[in-house]
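Here is a short report on one protein model and its bound ligand. Keep the structure open while reading.

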Amino acid sequence: MPRLAHHLTQQKVDIELTTLIGVVADCCADIAALLRHGPMSGILGLAGAENIQGEDQKKLDVISNDMLKEALEKSGLVKGIASEEEDNCVGCSPDGKFLVLFDPLDGSSNIDINSLVGTIFSIYAAPDKTDIGDDDFLRPGNEQVAAGYVLYGPSVMMALTTGQGTQFYMLEQSKGEFLLFDDNVQIPKDTKEFAINASNQRHWAEPMQAYIADLLKGETGPRDKNFNMRWVAAMVGDVHRVLSRGGIFTYPWDKKNPNKAGKLRLMYEANPMGFLVEQAGGKAFTDAIRILDVEPDNIHQRVPVILGSANEVDVCLGYHA
Ligand code: AFP
């Protein structure tokens, strides 16, 4: 199985982008090693601070954020970064060619229960200017040059796209190398599996309530087939399942907090996942438009997310039409 850098070179990916993706991959391999030590490492639990989202930061959120920030700064390839754990963007190398946005540890609420977590990243070409600010990161997802995630599961796996389809790599622990094991991930167009946090049902908008109600009716209802449900509570885990065997994943708008458009963040969750899903033949929408076409107005902006098997996303959007 070809190594990550070898396959990207075969795909004729820009050498500096190939190097940058390698920097992210190596850092994630180090994060995976930390997670493997779990409770023995003394780095579980709360960090004693909140992030800009008002969420309690876990020690590993902060540690993984600092590891990625340091690795990206040292690479000399990155003009600036934005992170779920940073209030504002952080300038790195003035002549860096790329901007990188990331959620260093997605699924933080799963850390202390030894469940799935992951790192999500999104890469853009940097603007031709030295001083950068948050506004320089406000680019639609359709301008990403690469996106991916590393899922810290029984196997450590990476999903990656540079716009030439979506590939799966697996971390070969002894060498610390990511090896290609699927060079053309394809999401089945139809599915019988959905993912949603059903505890929010009473807060959803009526179209989403109607769509989910019809799924639950199974073959006795208008869908004429039975559906199964999964909820990992870590987007990386749910999206990996969708990429691997199909499905629809949604974190819809809910009236719990009407000034929040949804829970998931556009710039470092919905956009990179939307790029991966589309490149694998799936669809990724808010409840209205294609996620990659959303014009961002804030680096921590939230959006409703409906993504996965193309035909099932169309059915769900049909309820919202
Ligand atoms: P945490 O990182 O705070 O655990 O949130 C994870 C997440 O942003 C996303 O990865 C999950 O799909 C979603 O939130 C889970 O949200 P609920 O905890 O409301 O189910």
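## Terms and model

Helices (H or I, at least four residues) and strands (E, at least two) are DSSP runs, numbered from the N terminus. Asn-114, for example, belongs to the loop between E5 and E6. The model is predicted.

## The ligand site

Where does the ligand sit? The ligand occupies the largest pocket. There are 15 residues around the ligand, and the nearest are Asp-106, Ser-109, Asn-197, Met-235 and Tyr-251. By class, the shell around the ligand splits into 7 nonpolar, 4 polar and 4 charged residues.

Oxygen atoms of the ligand have N or O partners in the protein. In the side chain of Ser-109, an N or O atom is 2.9 Å from a ligand oxygen. In the side chain of Trp-231, an N or O atom is 3.0 Å from an oxygen atom of the ligand. Gly-107 takes part through its backbone: an N or O atom there lies 3.0 Å from a ligand oxygen. On its own, the ligand has 470 Å² of accessible area, and the protein covers 87% of that.

## The loop between E5 and E6

Strand E5 spans 98-106, and strand E6 spans 117-125. Ser-108 lies in the loop between them. Is Ser-108 buried or exposed? Its relative accessible area is 15%, and buried means under 20%, so Ser-108 is buried. The side chain of Ser-108 makes a polar contact of 2.7 Å with the side chain of Asp-61. The side chain of Ser-108 also reaches the backbone oxygen of Leu-105, at 3.1 Å.

Asn-114 is in the same loop, between E5 and E6. Its setting is exposed: the relative accessible area of Asn-114 is 74%. Asn-114 also has a positive phi of about 55°, although it is not a glycine. Most residues other than glycine have a negative phi.

Gly-118 belongs to strand E6. How accessible is Gly-118? Its relative accessibility is 0%, so Gly-118 counts as buried. Gly-118 and Gly-107 are 11 residues apart along the chain, and their C-alpha atoms are separated by 6.9 Å. Gly-107 is also the residue with a backbone N or O atom 3.0 Å from a ligand oxygen.

## A second positive phi

Asp-224 is not a glycine, yet its phi is positive, about 60°. Where is Asp-224 placed? It lies in the loop between helix H4 (206-217) and strand E12 (228-229). Asp-224 has a relative accessible area of 59%, and exposed means over 50%, so Asp-224 is exposed.

## Helix H6 and its flanks

How many residues of helix H6 are buried? The helix runs over residues 266-279, and 12 of its 14 residues are buried. Among the buried residues of H6 are Leu-266, Tyr-268, Glu-269, Asn-271, Pro-272, Phe-275 and Val-277.

Met-273 is in helix H6. Its relative accessibility is 0%, so Met-273 counts as buried. Met-273 and Ser-122 are 151 residues apart along the chain, while their C-alpha atoms are separated by 8.9 Å.

Lys-263 is in the loop between strand E13 (248-251) and H6. The relative accessible area of Lys-263 is 40%, so it is partly exposed. Just after H6, Gly-281 takes a positive phi of about 85°. Lys-263 and Gly-282 are 19 residues apart in sequence and 21 Å apart in space, C-alpha to C-alpha.

## Strand E7

Leu-151 belongs to strand E7, residues 146-152. Is Leu-151 buried or exposed? At 6% relative accessibility, Leu-151 counts as buried, because the cut-off for buried is under 20%. The C-alpha atoms of Leu-151 and Trp-231 are separated by 15 Å, and the two residues are 80 apart along the chain. Trp-231 also appears at the ligand, with a side-chain N or O atom 3.0 Å from a ligand oxygen.

How values were computed:
Residues are numbered from 1 along each chain as its sequence is written. This is a predicted model: local features need pLDDT of at least 70, side-chain atom pairs count only at pLDDT 80 or more; totals for chains, interfaces and linings use all residues. Side-chain values use heavy atoms; hydrogens and water are left out. Buried means under 20% relative accessible area, exposed over 50%, partly exposed in between (1.4 Å probe, protein chains only). A residue is near a molecule or strand if one of its heavy atoms lies within 4 Å of it. A polar contact is a pair of N or O atoms within 3.5 Å; within protein, one must be able to donate a hydrogen and the other to accept it, and residues adjacent in sequence count only if both atoms are side-chain atoms. Accessible areas come from the Shrake-Rupley method with a 1.4 Å probe; for residues, only the protein chains shown count as cover. On a 1 Å grid over the protein atoms alone, a cavity is a set of points where a 1.4 Å probe fits but cannot get out, and a pocket is an open set with protein on both sides within 12 Å along at least five of seven lines; lining residues have an atom within 4 Å of a point. A molecule sits in a cavity or pocket if more than half of its atoms lie within 2 Å of its grid points. Ala, Val, Leu, Ile, Met, Phe, Trp, Tyr, Cys and Pro count as nonpolar, Asp, Glu, Lys and Arg as charged, and the others, Gly among them, as polar.
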